[in-house]
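Reader: Hi! I am new to protein models and would like a close look at one part of this one. Could you start from a single residue and work outwards from there?

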Amino acid sequence: MGEPSVSMLEFPLKWTKCPACGSERALADMILKEEQAKGRMGKGLMGAVGEIVVPIADPRIAPTVVPVLVCIFDVCADCGTYYCRDANKVMGTPMPGQQTPARRPQPPFNP
Ligand SMILES: [Zn+2]
């Protein structure tokens with residue numbers, strides 16, 4: 001047995017279906033597309049009702065550039081499930097206080 005595989009994830013990860021009911025309709029995404037159709041929003045944006053930014057930083061080391069996990073959440077238009085639609089890993093500098101996004105709701109844990 002070797003080391004457990006550490007980084008087998010390929011970002012960005014995307015989930016286009018509700019994990020509860022399988023619907024592809026998500027509220028913020030639908031509203032964004034409506035607004036884009038009316039020309040009030042630019043293309044290339046992503047609808048979201050929540051975003052969680054988690055710097056993967058060792059607090060014992062002075063913050064430099066670290067991997068930052070960015071998760072975009074939306075709500076299923078059919079059953080109301082709050083779920084992650086997009087997860088991406090970017091490189092960034094952790095800001096003080098960014099480790100605990102208290103101003104944003106924590107998503108329910110969906111195994
Ligand atoms: Zn659903």
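In which strand does Asp74 lie?

Author: Happy to help! Asp74 lies in strand β3, and that is a good place to begin. Before we go on, please keep in mind that this is a predicted model, in which local features need pLDDT of at least 70 and side-chain atom pairs count only at pLDDT 80 or more, while totals for chains, interfaces and linings use all residues. Residue numbers start from 1 along each chain as its sequence is written.

Let us look at the surroundings of Asp74. Asp74 counts as buried because it has 25 C-beta neighbours inside 10 Å. (A residue is buried if 20 or more other C-beta atoms lie within 10 Å of its own, exposed if 12 or fewer, and partly exposed in between, with C-beta atoms placed from the backbone.) Of the 111 residues of the chain, 9% count as buried. Leaving aside neighbours within four places in sequence, Asp74 is in contact with Ala26, Leu27, Ala28, Asp29, Gly47, Ala48, Val49 and Arg85. (Contact here means that two C-beta atoms, placed from the backbone, lie within 7 Å.) Leu27 and its followers Ala28 and Asp29 fall in helix α1, which covers residues 27-37. As for Arg85, it is eleven residues from Asp74 along the chain, and their C-alpha atoms are separated by 6.5 Å.

Now let us zoom out to the strand itself. The chain has one helix and four strands, and along the sequence they follow the pattern β-α-β-β-β. (Helices are DSSP runs of H or I with at least four residues, strands are runs of E with at least two, and both are numbered from the N terminus.) The four strands form an open sheet in the order β1-β4-β3-β2, with antiparallel pairing. Since β1 and β2 stand at the edges with a single partner strand each, one side of each is left without a neighbour in the sheet. (Two strands pair if DSSP finds at least two bridges between them.)

Strand β3, then, has a partner on either side in that order. Towards β4, ten bridges join β3 (residues 66-75) to β4 (residues 82-92), and the two run antiparallel. Among these bridges, Pro67 is matched with Met91 of β4, and Cys71 with Ala87 of β4. The hairpin of β3 and β4 has six residues between the strands, and there Gly80 takes a positive phi near 85°. Most residues other than glycine have a negative phi, and most peptide bonds are trans. Towards β2, the pairing with β3 is again antiparallel and runs over six bridges; one of the matches is Val53 with Val70 of β3.

Val70 also leads us to the next strand, since Asn88, found in β4, is in contact with Phe11, Pro12 and Val70 once neighbours within four places are left aside. Asn88 counts as partly exposed because it has 13 C-beta neighbours inside 10 Å. Asn88 and Pro12 are 76 residues apart in sequence, yet their C-alpha atoms are 4.4 Å apart in space. Pro12 lies in the segment before β1, and a cis peptide bond, with omega about -5°, joins it to Phe11. Strand β1 is joined to β4 by two bridges, in the antiparallel sense, with Lys14 matched to Asp86 of β4.

Back in the helix, Gln36 belongs to α1. Gln36 is partly exposed, as there are 15 other C-beta atoms within 10 Å, and it touches Met41 and Lys43 when residues up to four places away are not counted.

Finally, a word on confidence, given as pLDDT (the predictor's confidence in each residue, from 0 to 100). The chain averages 83, and 77% of the residues score at least 70. By contrast, pLDDT stays under 50 over residues 98-105, for which the model has ten contacts beyond four places in sequence.
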